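Visitor: Please take me through one part of this model in detail. I would like a close look at a single sheet and what surrounds its strands.

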Amino acid sequence: QVDLVESGGGLVQAGESLRLSCAASVRTSARTFSRYAMGWFRQAPGKDREFVAGLSNNGGTTDYADSVKGRFTISRDNAKVTAYLQMNRLTPEDTAVYYCAGREATFLPTYVFKNEDQYNYWGQGTQVTVSS
């Protein structure tokens with residue numbers, strides 16, 4: 001069992017940046033966290049939750065939704081048991097609740113999971129609001 005907690009959301013103006021963090025619970029060791037593939041999803045009002053970015057457990061493979069490619073960057077720091085989503089050049093269309101997700105992926109170290117059903121662990125979400 002891994003508890004994930006997002007932080008870093010807020011209200012910004014279009015064109016600005018935010019960095020979201022996803023911290024695993026303190027009882028999660030760096031070794032355990034390093035076995036997890038991580039992902040970020042978002043849900044805008046009235047819409048389904050959608051994939052935003054994913055990172056393989058070895059940190060070597062990433063994938064992004066077309067709408068955020070070139071603007072968002074996913075990363076991880078296993079020593080801090082934390083994943084990040086750096087979001088640049090934000091637009092009002094990026095307004096949503098952002099969720100981080102994780103799953104054990106020891107035997108798929110280079111795979112990026114893009115389907116929310118593939119993840120076992122979820123954070124509670126953090127609101128990102130971008131004003132025009």
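Guide: Start with one pair of residues. Ile74 has Leu85 in E8 as its bridge partner. The model is predicted, so a word on the ground rules: local features need pLDDT of at least 70, side-chain atom pairs count only at pLDDT 80 or more, and totals for chains, interfaces and linings use all residues. Residues are numbered from 1 along each chain as its sequence is written, and side-chain values use heavy atoms, with hydrogens and water left out.

E7 and E8 run antiparallel and are joined by six bridges. Strands here are DSSP runs of E with at least two residues, helices are runs of H or I with at least four, and both are numbered from the N terminus. Two strands pair if DSSP finds at least two bridges between them. Strands of a sheet pair through backbone hydrogen bonds, either parallel or antiparallel.

The E7 and E8 strands make a hairpin, with four residues between them. Val81 sits in that turn and has a positive phi of about 45°.

Now look along E7. Its side chains alternate. Phe72, Ile74 and Arg76 point to one face and are buried. Thr73, Ser75 and Asp77 point to the other face and are not buried. Buried means under 20% relative accessible area, exposed means over 50%, and partly exposed lies in between (1.4 Å probe, protein chains only).

Step back to the whole sheet. It is open and has four strands, in the order E1-E3-E8-E7, with antiparallel pairing. Strand E1 (4-7) and strand E7 (72-77) are the edges, each pairing on one side only. Neighbouring strands are turned by 15° against each other on average, direction ignored. For such angles, axes are lines fitted to C-alpha atoms, for helices over the stretch in contact, and angles run from 0 to 180 degrees between N-to-C directions.

Go across from E8 to E3. Strand E3 (residues 18-24) pairs with strand E8 (residues 82-87) over six bridges, in the antiparallel sense. Ala23 stands opposite Thr82 in E8.

Ala23 also leads to the start of the chain. Its C-alpha atom is separated by 9.9 Å from that of Val2, and the two residues are 21 apart along the chain. Val2 belongs to the segment before E1. Val2 is buried, at a relative accessible area of 7%. Leaving aside neighbours within four places in sequence, Val2 is in contact with Ala24, Thr28, Tyr36 and Tyr121. Contact means heavy atoms within 4.5 Å.

Follow the contact to Thr28. This residue is placed in the loop between E3 and helix H1 (30-34). Thr28 is buried too, with a relative accessible area of 9%. Not counting residues up to four places away in sequence, Thr28 touches Val2, Phe33 and Val81. Val81 is the residue with positive phi in the turn between E7 and E8. That contact brings the tour back to the hairpin where we began.

To recap the route: Ile74 in the hairpin pairs with Leu85, Ala23 faces Thr82, and Val2 touches Thr28.
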